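Please take a moment to look over the sequence and the model before reading on. The paragraphs below follow one strand and its surroundings step by step.

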Amino acid sequence: MLSFGFMRSTAIRFSPFIINHPSSPSSCFSFSPKKTIAFALRSQMGSFTTLSQSSSSKLLFRQLFEKESSTYTYLLADFSHPDKPALLIDPVDKNVDRDLSLVRELGLKLIYAMNTHVHADHITGTGLIKGKVTGVKSVISRASGSKADVFVEPGDKISFGNLFLEVRATPGHTAGCVTYVTGDGPDQPHPRMAFTGDALLIRGCGRTDFQGGSSEQLYNSVHSQIFTLPKETLLYPAHDYKGFTVTTVGEEMVYNPRLTKDEETFRSIMQNLNLAYPKMIDVAVPANMVCGLQDLEPKTN
Ligand SMILES: N[C@@H](CCC(=O)N[C@@H](CSS)C(=O)NCC(=O)O)C(=O)O
């Protein structure tokens, strides 16, 4: 098991917060605070977030959207730590400037730019971010076969301040897909939050028809690594095509139209999706195998 600068504090507990996404007002939800001081922040991309903080709060969380590929990027930071260490999950090249200006505006110190997998529909922003912010490390699973500064494996912990993410292998959409789950413990966010990449989408799942995909793997990894999390765990996918923003383990175990079926039915559903290949696949996959820095790679001929 690998742990990156892992530290724990038992004195500080996660606080409740309220998120309101502009594309889906109905997705506004809250965690009942014990003792809250509410304040509001308006970010420059037009999304409005209200954050209620208690004296024990620490996680800053933002869900950011890239509309061409319907990709979600997630910003997480330990806001109680003096350095405000932060990480981005699944940044998109086109929105790197937006995301970094938010990081700057909030006074965060970005330490990791991470991917859940090698994306086929857009180019990752991790390479661009590394070129713009000194000291940021790119992170991806070792099983992805992609280049990065840090390769994670199942069971690894990625620390940012006193918070951490746990790595779970969720292959099937691609062989190297992982889900990043907030830590388990009294000083970690409650409910837990899982960033599922394309393994589990809201009322759906990632396709399994290219890049080493396998419906058998997807079915088994979601059931063993995501559906075993507490039912209230919040699930945040890398994409949504219908305007949804978040779901829970309990909700998907009941309402997911694919993953609630038996394995044979699931396989048949996946074989008959008949989705067109992502428009950018031929550009995106080679670029993402080198962290989105394809133009800087030395040419071999
Ligand atoms: N039309 C889009 C690609 C849409 C697509 O294939 N999405 C993937 C995730 S991105 S590789 C997927 O797994 N979809 C599952 C589903 O059920 O929609 C494009 O051209 O980029």
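In this predicted model, a good place to begin is Thr71, which lies in strand E7 and is the bridge partner of Glu66. That bridge is part of a longer arrangement, for strand E6 and strand E7, the latter covering residues 71–78, pair in the antiparallel sense over eight bridges. Along this pairing, Phe61 stands opposite Leu76 in E7. The two strands form a hairpin with four residues between them, and in the turn Ser70 has a positive phi of about 50°.

On leaving E7, the chain makes another hairpin, this one with six residues between E7 and E8, where Lys84 in the turn has a positive phi of about 50°. E7 and E8 run antiparallel and are joined by four bridges, and Leu75 has Leu88 in E8 as its bridge partner.

These strands belong to an open sheet of six strands with mixed pairing, in the order E6-E7-E8-E9-E10-E11. Its edge strands, each pairing on one side only, are E6 (59–66) and E11 (150–152). Averaged over the sheet, and with direction ignored, neighbouring strands are turned by 25° against each other. Helix H1, residues 96–105, packs on the sheet and touches E6, E7, E8 and E9, while its direction makes about 20° with that of E7.

How many residues of E7 are buried? Eight of the eight are, so E7 is largely enclosed by the rest of the structure. In a regular strand, side chains alternate between the two faces of the sheet. In E7 both faces are covered, with Thr71, Thr73, Leu75 and Ala77 buried on one side and Tyr72, Tyr74, Leu76 and Asp78 buried on the other.

Notes. Residues are numbered from 1 along each chain as its sequence is written. This is a predicted model: local features need pLDDT of at least 70, side-chain atom pairs count only at pLDDT 80 or more; totals for chains, interfaces and linings use all residues. Two strands pair if DSSP finds at least two bridges between them. Axes are lines fitted to C-alpha atoms, for helices over the stretch in contact, and angles run from 0 to 180 degrees between N-to-C directions. Two residues are in contact if their C-beta atoms, placed from the backbone, lie within 7 Å. A residue is buried if 20 or more other C-beta atoms lie within 10 Å of its own, exposed if 12 or fewer, and partly exposed in between; C-beta atoms are placed from the backbone.
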